[in-house]
Amino acid sequence: MGPQAGRVRKDKNGNSVENIEESEALDLAADWADISQGLRKDLGHQLHQQWIKPIQLGKLDKATGTLELFLPSEFLANWVRKNYLDRLSLAWKIIRNGVRQVDVKVHPGRRRMSDISLKSQDHFGNVAANDPSLAMESIGDDGFTSSVGLDPTQTFAAFVTGTGNVLAKNAAERMAQAEKPQFSPLYLKAATGQGKTHLLHAIGHQYLRTFPRARIFYCSAERFMVEFVQALKSNEMIEFKGRLRGFDLLLVDDIQFIIGKASAQEELLYTIDALLNEGKRLVFAADRAPQALDGVEPRLLSRLSMGLVADIQPADIELRRAILESKLTKFAPLAVPEDVIDFLARTVSRNVRELVGGLNKLIAYAQLTGQEVSLQLAEEQLTDILSANRKRITIDEIQRTVCQFYRIDRAEMSSKRRARAVVRPRQVAMYLSKVLTPRSYPEIGRKFGGRDHSTVIHAVRLIEDLRTRDADMDGDVRSLLRQLES
């Protein structure tokens, strides 16, 4: 038995942890989560996603004060060293006294792929046609993406479909089938966190299964710009153009970031023309429609919109609930109560990424502390996410929407009439006022003609009960929630 056996220490949350190494790893991970979140706010989502998110935490050598940070490729490691090492070092020194320096390096689990790439991969890190088996074998267990830059978790099977994204999902599947698609390019338009990047990765995975010898180029528009500038500075533009136009499938994310780069726009335009003339497939994604891209050369704008523009609408409450349910399977047998799922689906409505992130954070906290997942725990631990997503819905807005839904006069919300056609809508409005606003029972009562708080409590409990027994009532409430939260 080692010298550490039997010792007990407290982690940052005050929990006893017998394994000191495990506890220290958890503390490092918590510090890294804080640093990463801070960098996301400073750099913005796109830069964070491209350069900071791929970082994996290594070990801290206490003797030298050196902390290891790993990246999946030499390209990423070099870029982070050059552009973000000082910022990372400062952040770690501030948050943890034991860190004196940060060492950014390529993950050791990627050495084999680095050796392979000298023979079988091109300048962009994409699998060469002479060894197609590498495309799928390169997906490792270390959590890094494959050698073509595709996230192994983002497949069509993992994409949850609803009314707002079914067109984009079907169009994406068509793009990856053996039959030549009716449209190219495909342009996916969606706000942040609604699934457009997931569909890009899914197209790549399915296309490789359909055409194992295919060559794919997946990148963000920013990555395209980096490669373009590097080729320009090193007088390798001919090689750059030849490689870029040798791909069978081109996937470019966040195309809005190529705005204003005239030379890069021109090169992308020529590349699109060359690939389309050869029957190749192209998919672009952006947070706005082609016509809303400012500073884009008219000819390029025409190419981007000449195929199919598929809009992904924000996920409605049913889709958000379905996404959460689909994610729960990987946490079995951990139980997540239905009221927690319903609460998250109703409250975290800005984007799917935040929704899934909130669920992951809640479950991770419950597992690390040994607590049960509950509505109270969700409200306590997800305050930042919840406050950012709460739409300021007023009781007046609720009354107006309910009256329109049930086709009754607005004055009935405050009247003394007891007819069922009036009472039930009034009770629904009281219930929604309690669910969707922070108002107390007495405050709600005053907005409904000065009614007593006990009347509001009765209405809330009655509608809660009716929702479990009456499908029509549950349907009415769900419809009203959709209208009010949209």
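The following paragraphs examine three residues of this predicted model, beginning with two positions that a database record annotates.

The unreviewed UniProt entry lists Gly193, Gly195, Lys196 and Thr197 under "binding site". Two of these, glycine 193 and threonine 197, are considered here in turn.

Glycine 193 is placed in a loop, which connects strand β6 (186-189) with helix α7 (196-210). Its relative accessibility is 7%, and glycine 193 therefore counts as buried. Once neighbours within four places in sequence are set aside, the residues in contact with glycine 193 are Asn351, Val352 and Arg353.

Threonine 197 belongs to helix α7 itself. Its relative accessibility is 19%; because the limit for a buried residue is under 20%, threonine 197 also counts as buried. With neighbours within four places in sequence again left out, threonine 197 is in contact with Gln154, Tyr218 and Asp253.

The third residue is glutamine 427, located in helix α18, which comprises residues 420-436. Is glutamine 427 buried or exposed? At 10% relative accessibility, this glutamine is classed as buried. The side chain of glutamine 427 forms a polar contact, at 2.6 Å, with the side chain of arginine 424. Arginine 424 falls within the residue range of helix α18. Beyond residues up to four places away in sequence, glutamine 427 touches His458, Ala459, Leu462 and Ile463.

Taken together, glycine 193, threonine 197 and glutamine 427 each count as buried. Glycine 193 lies in a loop, whereas threonine 197 is in helix α7 and glutamine 427 is in helix α18.

Key: Residues numbered from 1 in each chain as written. Predicted model: local features only at pLDDT ≥ 70, side-chain atom pairs only at ≥ 80, totals over all residues. Heavy atoms only, no water. Helix = DSSP H or I, 4+ residues; strand = E, 2+ residues; numbered from the N terminus. Buried < 20%, exposed > 50% of the residue type's maximum accessible area, 1.4 Å probe, protein only. Polar contact = N/O pair within 3.5 Å; in protein donor to acceptor, adjacent residues only side chain to side chain. Contact = heavy atoms within 4.5 Å. UniProt positions renumbered as here; feature names shortened; annotations may be inferred.
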